[in-house]
Amino acid sequence: MIIRKEVAKNTNSAFLCKEKAWELGKRHEAVLEKLEFLASAQKAFTVTLRRRRRLITSVRVSFTMDAFRDSILQRGPIESFALKTVQDFIQPQRQTKLAQDENQMLENMLRTLLQHLVASAAQSGEQIMQYGQLIDDDDDKNVHGHGQIPHLLDVVLYLCEKEHVEGGMIFQLLEDLTEMSTMKNCKDVFGYIESKQDILGKQELFARGKLVMLRTCNQLLRRLSKANDVVFCGRILMFLAHFFPLSERSGISVDFNFYKTFWSLQEYFCNPASLTTASTKWQKFSSSLAVVLNTFDAQPLSEEEGEANSLEEEAATFNIKYLTSSKLMGLELKDSSFRRHILLQCLILFDYLRAPGKNDKDLPSETMKEELKSCEDRVKKLLEITPPKGKEFLRAVEHILEREKNWVWWKRDGCPPFEKQPIENKSPIAGQKRRRQRWRLGNKELSQLWRWAEQNPNAEKDAQRVKTPDIADYWKPLAEDCLQ
């Protein structure tokens, strides 16, 4: 009985414990549900709060950006408001120069403003460099100074030049502007870059932005067509040739592009007949040649450089063979003999194309003839200004090529022999005496003179024909000699 009572007691206790555990579990679930509700409510409140803050921030940013736009794009002397605008909106620790985080904040604001201006110009259908042009500016001949975007760039360039902000900021804005612009607008943007070349090339700005400028120009070259945009490609290469010195390592990629274009001309120099068979080859050759001639124009040699680097005297004793390494391209461009070799090859090729062929299909077209004449004039001009003694060298080359035409015509006529058969002297017929020629007045000259007098009878009646000179006039020259 005692055992049964203990078992029953333990069973009741276990039942009570199970009931209490179930009740505690219910309470725990209720607490968890309340906690989940509170967490979801807190999350919803946080999201709502963030949205409100974001809306308030966007309104503030929009208001700040509009005020910043109105302030930085105001008309008048840039030095009177540029630095003050930066100080009002950035509130830098130092009044005249921004710290790194302050430069980043200003750059973000400027890039956002530039993006808004480009978008507004695209919506209005205007060219981006003339968007926001004032009516009062119509008489201004400086096209790049009309619109709001050039004005913004001028302000940033002034701040960079005076070292109020980081020097690479203007280069970053120019890169963004070219990436957001069509190729038609890029020509205007690049025109602005060319107009500010002297300022952008200053050492304090060049050191900060050379890589960005190189990347910008390379991106433009990749977007352009080498066949249809030859002039624009030449402008970019000429700018890079001025902007980057030959010793600058950052210009290696540019030099390599020029290097490939330069040595591709040898393919046509070796086979000039291929230029008349396909028009595409002539277009490719003319575009590549234009790039080379533009580079020669952009990097003229002085008399000192020409005399120092000329190898013409040494060339008299050995044959020059130029190396084709891309690393030597900059040094070879400084060699006047190297330039003359290339330009002379061009003149020889032009003469070959104009030479009379055996078939009409071998002759160049009328359009091709005009382009040949234009290229030949440029090549001769470059030869004339290439030291030393450029004019004398050009005259010698023209003389040699003129004599070469005689050989070309001789080959065209089938190489007739130069020797002439001697004239046979006919011996007089036997028994016939050779009649001796007689002159009327003794010799040929007197007879000819007398015949002229017969044809002009008035000459005998001329009063001045026979005249005795005055004694003073006759002895005057002798007296002057004696006095001297």
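How many residues apart in helix α17 are aspartate 377 and lysine 373? The two sit 4 residues apart in α17 (residues 366-385), so about one helical turn separates them. Keep in mind that this is a predicted model. Here's a quick tour of its salt bridges, its cysteines, one of its pockets and a short helix.

**Salt bridges**

- The count comes to 16 salt bridges.
- In general, side chains of opposite charge can pair when their charged atoms come close.
- Aspartate 377 and lysine 373 make one of these pairs, at 2.9 Å from N to O.
- Both partners are partly exposed: aspartate 377 has a relative accessible area of 39%, and lysine 373 comes in at 45%.
- Salt bridges with shared partners also tie Asp351, Arg354, Glu376, Lys380 and Glu398 into one network.
- Within that network, arginine 354 bridges to aspartate 351, with the closest N and O atoms 3.1 Å apart.
- That pair lies in helix α16 (residues 336-354), 3 residues apart, or about one turn of the helix.
- Arginine 354 is partly exposed at 35%, whereas aspartate 351 is buried at 18%.
- Arginine 111 and aspartate 176 meet in a salt bridge too, at 2.7 Å from N to O.
- This one links distant parts of the chain, joining helix α3 (residues 100-124) to helix α5 (residues 169-180) across 65 residues.
- Here arginine 111 is partly exposed, with 32% relative accessibility, while aspartate 176 is buried, with 10%.

**Cysteines**

- The disulfide count is 0.
- Take cysteine 346: the closest cysteine sulfur, in cysteine 375, is 8.4 Å away, which is too far for a bond.
- Cysteine 346 is buried, with just 1% relative accessibility, but cysteine 415 is partly exposed at 33%.

**The second largest pocket**

- This pocket holds about 430 Å³ of space.
- It has 19 lining residues, and the closest to its centre are Lys226, Cys233, Asn257, Thr261 and Val291.
- Helices α8 (203-223), α9 (230-243), α10 (252-270) and α12 (279-298) each give at least two residues to the lining.
- The largest share, 6 residues, comes from α12.
- Sorted by class, the lining has 7 nonpolar, 8 polar and 4 charged residues.

**Helix α2**

- Among the residues of α2 (residues 82-90), Ala82, Thr85, Val86 and Ile90 are buried.
- These four cover an arc of only 100 degrees around the axis, so they're on the same side of α2.
- Right after α2 comes glutamine 91, whose phi is positive, near 50 degrees.

Notes. Residues are numbered from 1 along each chain as its sequence is written. This is a predicted model: local features need pLDDT of at least 70, side-chain atom pairs count only at pLDDT 80 or more; totals for chains, interfaces and linings use all residues. Side-chain values use heavy atoms; hydrogens and water are left out. Buried means under 20% relative accessible area, exposed over 50%, partly exposed in between (1.4 Å probe, protein chains only). The arc is that of the directions from the helix axis to the C-beta atoms. A disulfide is a pair of cysteine sulfur atoms within 2.5 Å. On a 1 Å grid over the protein atoms alone, a cavity is a set of points where a 1.4 Å probe fits but cannot get out, and a pocket is an open set with protein on both sides within 12 Å along at least five of seven lines; lining residues have an atom within 4 Å of a point. Grid points are joined across faces, edges and corners, and a volume is the space filled by probe spheres set on the points. Ala, Val, Leu, Ile, Met, Phe, Trp, Tyr, Cys and Pro count as nonpolar, Asp, Glu, Lys and Arg as charged, and the others, Gly among them, as polar. A salt bridge is a side-chain nitrogen of Lys or Arg within 4 Å of a carboxyl oxygen of Asp or Glu.
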